[in-house]
Amino acid sequence: SEAGRDGSWGDPGLRQGQQQTQGPQRCLPAGPLLGMGFPAHTALKALAATGRKTAEEAADWLRCHCNDPSLDDPIPQEYALFLCPTGSLLEKLQEFWRESRRQCTKNRAHEVFPHITLCDFFTCEDQKVECLYEALKRAGDKVLGSFPPAVPLVLHSSVSYLGFFVNDSPADVIREFAMAFATEAAILADCTVKPCTKQLHLTLAHKFYPHHQRTLEQLARAVHPGHSCQWTAALYSRDMRFVHYQTLRALFQYKPQNVDELTLNPGEYIFVDPTQQEEASEGWAIGISQRTGCRGFLPRTTRSEPARVTPGTYTFSLAVDPNHRKDGEASSRRNGELLPPPRPRSVGSLQALQAAIVRRSVLVVRHGERVDQIFGKSWLQQCSTPDGRYYRPDLNFPCSLPQRSNGIKGFENDPPLSSCGIFQSRTAGEALLDSGVRITSVFTSPALRCVQTAKHILEELKLERKIKMRVEPGIFEWTKWETGKTTPALMTLEELKEANFNVSTEYRPAFPVAALLPAESYDEYVHRCAVSVEQIVSSCPQDAGVILIVGHGSALDSCTRPLLRLPPRDCADFAQLVRKIPSLGMCFCEENKEEGKWALVAPPVKTLTHGSNSAFNWRNWILGN
């Protein structure tokens, strides 16, 4: 599962417990639930599942789970002890989470939240959880006096890990606290807890693309460990059955049409086992609702995203740096309970993080499926009336064609996208939006299929009105592969604007359409692309973010090799390579200013793979004989 678009963290199975604010920090007893008529074992299970916050929440949980087949199963919760930062350090870490995902896409660290793990996950019987909280309080009391006022954090980086290490005597005190908790938990709750004895660390990024390491390091240096911080020890619980499941969060409501389907409410969490989807047909999945515990089918067309952790109030404050206490801060604490601090987003500090990265990238994308690719060279005859009007003979033909000066005949050598090509383009745009990539300028071949692809990508990125497409004939297809012995008849900028394409009329291309040579040589083609790409890159500011180039399959080679300072490919190898490039195929180049080089790196989104769908004539479907 991946983190939400707003940078929040995943895994709803992790939930903080709840402490009473009076007396010896004891947990909510099961008495009120027993008084409502619930059996003791299910009452205790409900309290454990809801973090022992209130009897009302536990009762609501039981009502929702009235049809849960596992309600009476003696399955205990799993627990882990984390040391979590608060205050301004947490705010800086939150900004790092958001920026690292936006600039470098998702990594494994985005599935959790900033914390230092103090012990492995362990089980605790529901009736002994109250004793577990008492064990936490006793362990905290033992080390409270020796807990350091500030925990020194040292940045550590490798090809697959980035995080802060805790060293020296503060690490020893924290380990002493973890050992004390393990001892108390064994005595009071009969739990076997394995405290962390390895290097204590706070993970910033994990299992990321190697080429993102430098960017992540620069972002991490903007997080100063010396920021004001109050560390809090918190017990988190999870349902051990769903540890290896994918966690989804429903964004829309769905009302079941059949008895074996799940009801989905916005914000509801669904657990999906990727290994148990054989029964699900295309477009559907089988999952278990966290809200009801019921299993059923859910539509994959219902958009989902990984869930966030809801900040709970069960924390055990270990220390406060007195130098950072402000007036009124005491009101944020009540009888040992730490309330969630306000988390304003600092615009200035976010801009500082963005300014720390001045790296340009170039994303070269092939256009979507063209209509003649499916219906052949005679496609125009299939969709034209005798008087030259367009009609749609198949659903994979576009709904309409834009107006052009030479009429419908002009599309013969400048075909549009098919309906599937439009879908491919929008899917790629949606994936780019989810990846968090920052597109700041768009260049496109003047071929209609390329302009359409760029338009649909920008629409999914919500940038269709903010970014004007710059039409660059210099990245047009190798004209030797185009039919005809004259300059291609392409739509003018005025025609494109009239057809509602947001193209720039101020951009001066490296090669105007009139400069395109019919049946040019291979050397002339690669030279044209090299000159065009050089102008495209030089016309964008040094901190331009991602430059999107929408062209033809050949552009993935001819528009990237000049950046990489590689000589042109052999012509025969080039032709063989281009034939293998699918619709919306991508190549991604990233600039390393320190070394003065460009490198070919993994694109920000996955490839789009799908099968064919042949034509069907209902007249051939004759029942009977």
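A search of the whole structure, which is a predicted model, finds 17 aromatic pairs.

**Aromatic pairs**

Two of these pairs are set out below. A pair of aromatic rings is described by the distance of the centres and the angle of the planes.

| Ring pair | Centre distance | Plane angle | Class |
|---|---|---|---|
| Tyr79 and Phe122 | 6.3 Å | 35° | tilted |
| Tyr525 and Phe574 | 6.0 Å | 50° | tilted |

Why is the pair of Tyr79 and Phe122 tilted? Its planes stand at 35°, and a pair counts as tilted when the angle is neither under 30 degrees nor over 60. Tyr79 belongs to strand β2 (residues 77–84). Phe122 belongs to strand β4 (residues 122–124). The two residues are 43 apart, so the pair links distant parts of the chain. Both Tyr79 and Phe122 are buried.

The second pair joins two helices. Tyr525 sits in helix α14 (residues 522–538) and Phe574 in helix α16 (residues 571–579). Here 49 residues separate the partners, and distant parts of the chain are again linked. Tyr525 is buried, as is Phe574. Both rings also belong to a cluster: ring pairs link Trp478, Trp481, Tyr522, Tyr525 and Phe574.

Charged side chains meet rings too. Arg404 lies over the face of Phe411, at 4.7 Å from the ring centre. Lys455 lies over the face of Phe501, at 6.0 Å from the ring centre.

**Overall build**

The chain has 625 residues, and 51% of them are buried. Its secondary structure comes to 16 helices and 22 strands. Take the contacts between residues at least 6 apart in sequence: 77% of them join residues at least 24 apart. The exposed area is about 29,900 Å². Carbon and sulfur atoms supply 53% of that area.

**Nonpolar cores**

In soluble globular proteins, nonpolar side chains tend to be buried together. In this model the largest nonpolar core has 53 residues. Which residues have the most contacts inside it? They are Leu81, Phe96, Phe122, Leu132, Phe181, Leu204 and Trp231. Helix α6 (residues 168–189) gives the most to this core, with ten residues. A second, separate core has 43 residues, including Cys383, Ile408, Val503 and Val605. Phe122 thus appears twice in this account: in the largest core and in the tilted pair with Tyr79.

**Strand β20 and its partners**

How many residues of strand β20 (residues 546–551) are buried? Six of the six are, so β20 is largely enclosed by the rest of the structure. In a regular strand the side chains alternate between the two faces of the sheet. In β20, Val546, Leu548 and Val550 point one way. Ile547, Ile549 and Gly551 point the other way. Residues of both sets are buried.

β20 pairs with two strands. Strand β17 (residues 361–366) runs parallel to β20, joined by six bridges. In that pairing, Val362 stands opposite Ile547. Strand β18 (residues 439–444) also pairs with β20 in the parallel sense, over five bridges. There Thr444 stands opposite Val550.

**The β11–β12 hairpin**

Strand β11 (residues 284–289) and β12 run antiparallel, with five bridges between them. The two form a hairpin with five residues between the strands. Gly293, in the turn, has a positive phi of about 75°. Ile286 stands opposite Phe297 in β12. Strand β12 (residues 295–299) is mostly covered, with four of its five residues buried.

**Two histidines in loops**

Is His65 buried or exposed? At 4% relative accessibility, against a cut-off of under 20%, His65 counts as buried. This residue lies in the loop between α3 (55–64) and β2. The C-alpha atoms of His65 and Ser289 are separated by 9.7 Å, although the residues are 224 apart along the chain.

His110 lies in the loop between α4 (87–104) and β3 (116–117). At 1% relative accessibility, His110 counts as buried. Arg98 is twelve residues away in sequence from His110. In space, C-alpha to C-alpha, His110 and Arg98 are 8.9 Å apart.

Conventions. Residues numbered from 1 in each chain as written. Predicted model: local features only at pLDDT ≥ 70, side-chain atom pairs only at ≥ 80, totals over all residues. Heavy atoms only, no water. Buried < 20%, exposed > 50% of the residue type's maximum accessible area, 1.4 Å probe, protein only. Contact = heavy atoms within 4.5 Å. Areas by Shrake-Rupley, 256 points an atom, 1.4 Å probe, with all protein chains shown as cover. Core = buried A, V, L, I, M, F, W, Y, C linked by side-chain atoms within 4.5 Å. Pairing = 2+ DSSP bridges. Phe/Tyr/Trp six-rings, centres within 6.5 Å; stacked < 30°, edge-to-face > 60°. Lys NZ or Arg CZ within 6 Å of the ring centre and 35° of its normal.
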